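Here are a few short exercises to work through with the model open beside you. Try each task yourself before reading its solution.

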Amino acid sequence: MEERRIGTFLTIIGKVSVVADRNSVLAVYLPSDNLPNIESGTTPVMEEAIGEISEYLNGSRKVFTVPVSPEGTEFQKLVWDAMTDIPYGSTASYGEVAEYIGHPRSARAVGTACGCNPIPIIIPCHRVVASNGLGGYSGGLAIKKKLLEIERTFR
């Protein structure tokens, strides 16, 4: 297995940490997350991810191009891919995502997959909402609201 590194940087939502190897981003940790015990350091992909997240948070980036390699089940990966198709500044319900991926009765499973997303922000699970409100967010509702506010402001 290729060596992973973690780098933490301060943003407008708090400290964000990126885990990457030489080829791709493997995880993003939000301020409320417990960080894994991985050696600190940097990789070119990590630097690219940190730059893109910073640009996103200041409103100058709407699409991420950094390579990602999320680890999960086939269903989770299907959901995560679908989330990247939700346009910047838009939201989709858990049910709409379930329909989109061809599993119309799987809204709850979509919600679970959103909660398991290892690369939040870059894979925009904050854009998936409940049909009656915001729904949950692994990074906390305050961060979800902030990310949606950023996208509404800079749309």
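**Exercise 1: a sheet and its partners**

Val19 has Ala27 in strand 3 as its bridge partner. Before starting, note that this is a predicted model, in which local features need pLDDT of at least 70, side-chain atom pairs count only at pLDDT 80 or more, and totals for chains, interfaces and linings use all residues. Residues are numbered from 1 along each chain as its sequence is written, and side-chain values use heavy atoms, with hydrogens and water left out.

Task: work out in which order the three strands form the open sheet.

Solution.
- Step 1. Strands are DSSP runs of E with at least two residues, helices are runs of H or I with at least four, and both are numbered from the N terminus. Two strands pair if DSSP finds at least two bridges between them.
- Step 2. Strand 1 and strand 2 run antiparallel and are joined by seven bridges; one bridge pairs Gly7 with Val18 in strand 2. A hairpin with two residues links strand 1 to strand 2.
- Step 3. Strand 2 (residues 14-20) also pairs with strand 3 in the antiparallel sense, over four bridges. Here Val18 stands opposite Val28 of strand 3, and the hairpin formed by strand 2 and strand 3 has four residues between them.
- Step 4. The order is therefore 1-2-3, in an open antiparallel sheet. Strand 1 (5-11) and strand 3 (25-29) are the edge strands, each pairing on one side only.

**Exercise 2: what covers the strands**

Task: find which helix lies across strand 1, strand 2 and strand 3, and at what angle to strand 1.

Solution.
- Step 1. Contact means heavy atoms within 4.5 Å. Axes are lines fitted to C-alpha atoms, for helices over the stretch in contact, and angles run from 0 to 180 degrees between N-to-C directions.
- Step 2. Helix 1 (residues 44-57) lies across these three strands, at about 20° to strand 1.
- Step 3. Now look at burial, where buried means under 20% relative accessible area, exposed over 50%, and partly exposed in between (1.4 Å probe, protein chains only). Strand 1 is largely enclosed by the rest of the structure because five of its seven residues are buried. Strand 3 is mostly covered too, with four of its five residues buried.

**Exercise 3: two residues in one loop**

Task: decide whether Asn117 is buried or exposed, and what stands out about the phi of Ile121.

Solution.
- Step 1. Asn117 lies in the loop between helix 4 (107-115) and strand 5 (128-129), and Ile121 lies in the loop between helix 4 and strand 5 as well.
- Step 2. Asn117 has a relative accessible area of 5%, so it is buried. Leaving aside residues up to four places away in sequence, Asn117 touches Trp80, Met83, Ile123 and Cys125.
- Step 3. The C-alpha atoms of Asn117 and Pro67 are separated by 15 Å, with the two residues 50 apart along the chain.
- Step 4. Ile121 counts as buried because its relative accessibility is 0%. Most residues other than glycine have a negative phi. Ile121 has a positive phi of about 75° although it is not a glycine.
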